[in-house]
Amino acid sequence: MPSISDLKAELKQLNAEYAKIKDMPAEKRADFGKELNIKKQKIMQQIADAENAMQDAAVTPLDITASRDINADAPEFLTADFGSKHPLMTELDRVVGIYQSMGFDIMESVQLDDEFHMFDSLNFAKGHPARDGYDTFRTEEGFIPPAHTSTMQNRVLKTYKHKLDEGNAIAVAVPGRVYRNEDVDATHEHTFYQCEGVYVSETCTLGNMLGILREFFEKYYGQKLNIKTQPGYFPFTEPSLEFLIEKPAALGGKGKGGDWLEMLGCGMIHPNVLKMAGIDPTKYRGFAWGGGIDRLVMLRYGLGDVRNFEAAKLDFLKEFTC
Amino acid sequence: MLISLNWIKKYVDINVSNEELIRLIGARLVEVEEAIDETHKYDGIFAVKVISAEKIPDTHLTLCKIDDGGKAEKVERDEKGYIQVMCGAPNVHEGMLATWIAPGAIVPSTYHDKEPFEIGMRKMLKKYDSYGMLAGADELAIGDDHSGIVELDPATTTPGDDFAKLFELDDVILDIENKSLTHRPDTFGILGFAREVAGILGQPFKTNDWYLRDAADFANDSNIKLNIEIDEKLCPRYTAVVLSLKANNAPKYLTLQDTLLARSGMRPIDPVVDLTNILMLISGQPLHAFDYDKFVKVGKSKNPKIIVRAAKKGEKLTLLDGKEAELNVDDIVITSNNVPVALAGAMGGANTEIDANTKRVILESATFSLYNLRKTQMAHGIFSEAITRFTKGQPAGQTLPVALRFAEQAKAFGYEPLAVFDSQKTTPVVEKVELSLVQLNNLLGTNFDAKSVQKILQNVEFEVEIKGDKVVTKVPFWRTDIHISEDVIEELGRLTGYDNIAPVLPLHATSDPNEMLALKTALREHLSARGANEVLTYSFIHGDLIKKVGEIPENSYKIVNSISPDLQYIRQSIVPSLLDKSYANLRAGHEKFALFEMNQVYPRTNGTDEDGVPQNSHKLGFVIVDQSGKSDYYLAKKYLLSILDSYGVDYKISPFVEAKDKTNAYCEPKRSAHVETKDGRLIGYVGEIKQRVLRELKLPTPTAAFEVDLSVLLELKGASAKDFSFSQFPSVARDLTLTLPLSCKAGEIEAKIRNTLTQRRLINRVVCTSIYQAKGADTKNVSFHLDFARTDKTLEKAEIQAIMKTLEKIK
């Protein structure tokens with residue numbers, strides 16, 4: 001390998017060549033210039049590589065087994081006061097904790113999935129416009145960063161099917177990160193978190209679903225709550241509903257009625273979804289729901305800009321010191 | 001979608017307040033985004049007669065006297081009681097009936113503005129008092145027409161009539177959230193929406209007879225020839241009516257229909273277009289009119305034929321808006337003997353446009369594949385009221401009745417039907433869906449009986465037969481969404497209100513903990529309690545970052561429709577994202593911080609799982625930055641080992657090796673290490689970041705990081721039982737300093753000391769307290785603080801000396 005000084009001399013020589021361009025016949029100038037540029041780039045890369053190699057060689061190795069550097073003080077942890085947990089994760093832990101206390105198993109959602117789990121297994125007809133509503137990202141291979149935690153329903157049903165054979169219910173909550181290809185603003189993020197719930201048994205009813213959801217939100221907000229629903233549409237539930245709670249006191253609700261918060265979408269699992277997971281829909285039935293976590297956090301802390309969650313800004317995070 | 005409540009009321013007797021009705025619609029049909037109250041929008045607006053109209057020379061103005069039936073206050077009247085108003089419209093004339101906005105009233109087009117415009121008395125041309133305003137369609141918010149003032153029909157209007165009463169404008173407009181009606185094409189028509197409202201209120205609904213017709217009441221004119229050829233996959237049904245213009249009876253006065261179009265977010269244009277639009281709003285069935293003679297001419301055939309087919313790639317068609325569309329194979333075209341004349345569902349062609357010379361029209365009433373039209377919508381960016389309805393999949397059963405309704409109503413403005421043609425030759429079989437009461441009540445947790453089920457479904461025009469426990473329903477043709485028993489169960493739950501179902505908690509078994517989540521929760525506590533900040537960063541990163549840290553771009557899955565280059569690759573590891581975010585935090589003035597994130601990563605080298613889905617890894621990444629130079633290898637290692645120690649993981653520190661997939665290539669090999677299990681399995685690596693990476697990312701030297709595979713950590717957690725043994729005899733505290741060659745590993749010496757003590761069955765604690773190298777020396781002094789004790793008795797002096805002597809020989 002030539003030395004750096006040799007390379008630099010070569011570069012200097014090359015730079016001098018550029019002066020010759022003006023003496024060239026016009027038609028040859030372009031090619032000549034192009035050739036010079038390629039040579040120059042090559043030398044500059046060689047110089048950079050050589051410099052990097054020199055710098056790498058100059059690095060002093062250290063004793064990896066030691067607890068400190070030679071002649072140095074022992075390393076010390078940062079001041080505990082400034083440490084913080086991410087508010088979204090704290091909230092997700094709370095949510096998961098409540099579901100666990102209600103007897104739910106927990107299965108974390110995946111972050112890269114396929115068309116089958118995201119749509120086919122959820123009774124979306126091929127090419128159905130409802131697929132558009134999810135604004136999914138796609139990889140070159142056609143994999144999908146999932147746009148909802150429902151992408152886990154088929155896996156949940158298959159994984160926990162044995163519970164039905166054992167005479168128990170499937171009761172699983174699925175927290176996870178999801179993605180939608182939409183423009184980011186104060187209330188929209190392309191990356192956010194949801195929590196899904198899946199419940200299947202021989203005897204469960206829509207009334208049970210309402211019971212579980214009310215129980216969850218009452219535990220979550222630590223008070224009795226009024227609930228209501230409105231019809232919704234999801235290909236994977238039949239009937240499909242939107243679930244609302246009356247604004248709890250913790251969020252400034254006055255208990256006078258009329259102030260409703262839309263918390264999640266839910267419904268009785270479509271027989272085709274059970275069938276796709278090998279569960280007999282004439283014997284078993286179930287319900288499922290899914291809602292956003294980001295919004296829960298925004299409401300709890302009165303935050304106005306969802307973009308802070310994934311920005312890794314200490315100014316924001318230090319508001320949540322332990 | 002905008003729905004006029006007054007329009008709904010023409011179909012249903014509403015026996016509850018508007019407020020209650022809106023609540024019920026929200027709870028039992030669809031979310032009402034907004035109820036726009038227009039009950040007072042037209043207050044103080046009257047029909048007036050123009051008594052005199054006197055042109056003011058050299059201006060466009062006309063000075064008028066109007067008769068308002070004595071309705072208005074705050075105005076000056078002449079001796080006959082007439083009011084003076086100046087008008088700028090060219091069509092104002094003596095004797096006409098016009099619309100007048102009285103002083104004190106709001107101009108309706110500004111009604112929803114922040115500062116609504118209140119009309120008053122104006123001094124015009126410095127000398128004429130002008131009270132109020134004679135209004136045009138645009139000012140009244142019932143059209144775009146600004147060319148003149150609105151003229152009212154003298155046959156039905158008396159001066160002084162309230163404008164709102166004349167046209168039923170004291171209305172509430174519902175802004176409906178369309179998304180949750182994707183599967184309900186029928187509700188995209190007033191008729192279908194009203195049927196649901198009746199069902200919700202528990203009233204029987206009766207669809208108008210015209211909507212249920214299955215044959216024309218006129219015979220085809222044998223001179224009119226038209227064949228229809230369809231591909232049923234693309235176009236399940238195509239109906240066409242040919243009409244002829246016999247007399248030009250276009251209405252010159254404002255009609256109720258004009259205002260209904262306006263209240264639905266559309267605008268009156270001309271009689272033919274208005275009727276197609278109004279029928280679409282009523283039935284949900286979009287219609288299109290072609291000029292029949294142009295159509296025949298374009299096709300150049302004696303046997304005119306409508307052929308509906310897939311467009312050919314690159315085929316071109318100039319549309320009504322004058323733009324030339326380049327078609328592709330997913331588009332459907334209507335052709336005249338194979339010459340395209342319309343882009344199906346989206347827009348007609350310019351070559352068959354209706355104009356002032358049109359004598360005969362073809363009225364198209366058809367349904368198309370919603371899958372194809374959805375692609376057309378996206379490819380050509382056409383988002384009209386019509387295609388919005390088409391992409392919900394309008395039922396084939398309504399094409400003929402709606403076409404016939406057009407034929408019937410077009411007579412009012414001079415069109416006579418000549419012939420009707422239909423691609424459908426046989427009546428389709430009515431779909432039957434069966435369910436049992438047990439199934440119904442089990443699924444919902446309700447107590448419906450047969451009689452109430454029958455009534456609820458009959459209200460929305462299902463035919464219902466009860467056979468013991470079984471309910472057999474015949475599904476009306478417009479309910480394209482009902483196929484299985486659960487669909488009918490949804491109807492029953494929804495129409496009677498889910499909120500009437502009692503919430504009941506089910507009983508079930510207890511749950512198992514999720515170890516991975518528990519581990520993450522504990523790590524979150526552990527690191528934040530040691531001053532580190534948990535962050536979340538995007539799973540998608542810029543290709544440049546991958547290159548800067550020395551990873552291989554090809555090992556990242558690439559997003560084809562990413563929002564920006566910043567978000568194009570799925571990350572392979574966590575640390576690069578943290579390094580990337582560190583610079584911004586330094587710039588924001590934070591001089592010393594540690595960031596960590598626990599998340600999934602998807603290096604392509606992970607391969608796929610048994611389902612063929614990319615395999616993830618759960619990783620913990622950690623980066624520490626300190627402007628004062630303290631964020632070195634040893635500090636990062638201290639954080640990492642504190643975790644391993646607290647979980648009782650047995651580990652060893654081994655020389656760093658660059659990974660084949662380069663996911664740790666940002667580590668400086670001479671100042672980094674592997675952390676492995678005793679049997680050599682990699683748990684993670686810790687080290688200082690390479691100089692060139694720091695330079696690229698503008699970070700201080702040293703900056704250190706570690707990344708740990710959480711699945712491995714989870715397996716190892718608690719694998720080696722922590723030794724909790726202690727002695728009840730006093731322990732001895734001693735300091736030990738060893739002079740060692742520079743190459744000697746301090747960690748290994750520490751282990752040797754520990755081993756020596758342990759071999760002698762001494763409970764012990766060994767802490768390295770200093771590593772010192774004198775200037776120019778080729779040795780280093782490594783000092784330890786030791787505590788040790790016997791478990792059976794107190795250590796004696798001689799024994800202690802012997803122990804220390806052994807320890808001093810360690811090298």
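This is a guided tour of a predicted model, moving from chain B as a whole to selected elements in both chains and then to the contact between them.

**Chain B as a whole**

Begin by showing chain B alone as a C-alpha trace, which spans about 130 × 80 × 60 Å along its principal axes. If you switch to a cartoon, you will find 21 helices and 36 strands in this chain. The radius of gyration of chain B is 41 Å, well over the 28 Å that the globule rule gives for 811 residues, so the chain is more spread out than a compact globule. Even so, buried residues make up 44% of the 811 residues in chain B, and of the contacts in this chain with a separation of 6 or more, 70% are between residues 24 or more positions apart.

Next, colour chain B by domain, using 2–39 together with 172–207 for domain 1, 45–169 for domain 2, 227–422 for domain 3, 434–500 for domain 4, 515–716 for domain 5 and 732–808 for domain 6. With the colours in place, select domain 2 and domain 6 of chain B, whose C-alpha centres lie 105 Å apart.

**Tyr131 of chain B**

Now select Tyr131(B), which is found in strand 8 of chain B, the run of residues 128–131. Is Tyr131(B) buried or exposed? Tyr131(B) counts as buried because it has 23 C-beta neighbours inside 10 Å, where 20 or more is the cut-off. To see part of its surroundings, add Val75(B), Ile83(B), Gln84(B), Val85(B), Pro103(B) and Met121(B), which Tyr131(B) touches when residues up to four places away in sequence are left out. For a sense of distance, add Val460(B) as well: it lies 329 residues from Tyr131(B) along the chain, and the C-alpha atoms of the two are separated by 51 Å.

**Helix 5 of chain B**

Move to residues 256–263 of chain B, which form helix 5, a mostly covered helix with six of its eight residues buried. Highlight Asp258(B), Thr259(B), Leu260(B), Leu261(B), Ala262(B) and Arg263(B), which are the buried residues of this helix. Which elements do these buried residues pack against? They pack against strand 1 (2–4), helix 1 (5–9), strand 10 (171–176) and helix 6 (271–283) of chain B. Following helix 5 of chain B is Gly265(B), where the phi angle is positive, near 85°.

**Strand 6 of chain A**

Turn to chain A and select residues 260–269, which make up strand 6, a mostly covered strand in which seven of the ten residues are buried. Then show strand 5 of chain A, residues 237–246, which runs antiparallel to strand 6 and is joined to it by eight bridges; one pair to pick out is Leu244(A) with its bridge partner Glu262(A) in strand 6. Strand 7 of chain A, residues 285–292, is also antiparallel to strand 6 and is joined to it by four bridges, and here Met268(A) has Phe287(A) in strand 7 as its bridge partner.

**Where the chains meet**

Finally, display both chains and select the contact, which takes 89 residues from chain A and 100 residues from chain B. Several elements of chain A each supply at least two residues to the side that touches chain B, including helix 2 (26–58), helix 3 (87–101), strand 3 (191–201) and strand 5. Helix 6 of chain A provides the largest share of that side, eight residues. Coloured by residue class, the side of chain A that touches chain B divides into 40 nonpolar, 28 polar and 21 charged residues.

Conventions: Residues are numbered from 1 along each chain as its sequence is written. Chains are lettered from A and ligands numbered from 1 in the order in which they are written. This is a predicted model: local features need pLDDT of at least 70, side-chain atom pairs count only at pLDDT 80 or more; totals for chains, interfaces and linings use all residues. Domain bounds come from an automatic or database domain assignment. A residue is buried if 20 or more other C-beta atoms lie within 10 Å of its own, exposed if 12 or fewer, and partly exposed in between; C-beta atoms are placed from the backbone. Two residues are in contact if their C-beta atoms, placed from the backbone, lie within 7 Å. Two strands pair if DSSP finds at least two bridges between them. Ala, Val, Leu, Ile, Met, Phe, Trp, Tyr, Cys and Pro count as nonpolar, Asp, Glu, Lys and Arg as charged, and the others, Gly among them, as polar. The radius of gyration is taken over C-alpha atoms; the globule rule is 2.2 Å times the number of residues to the power 0.38.
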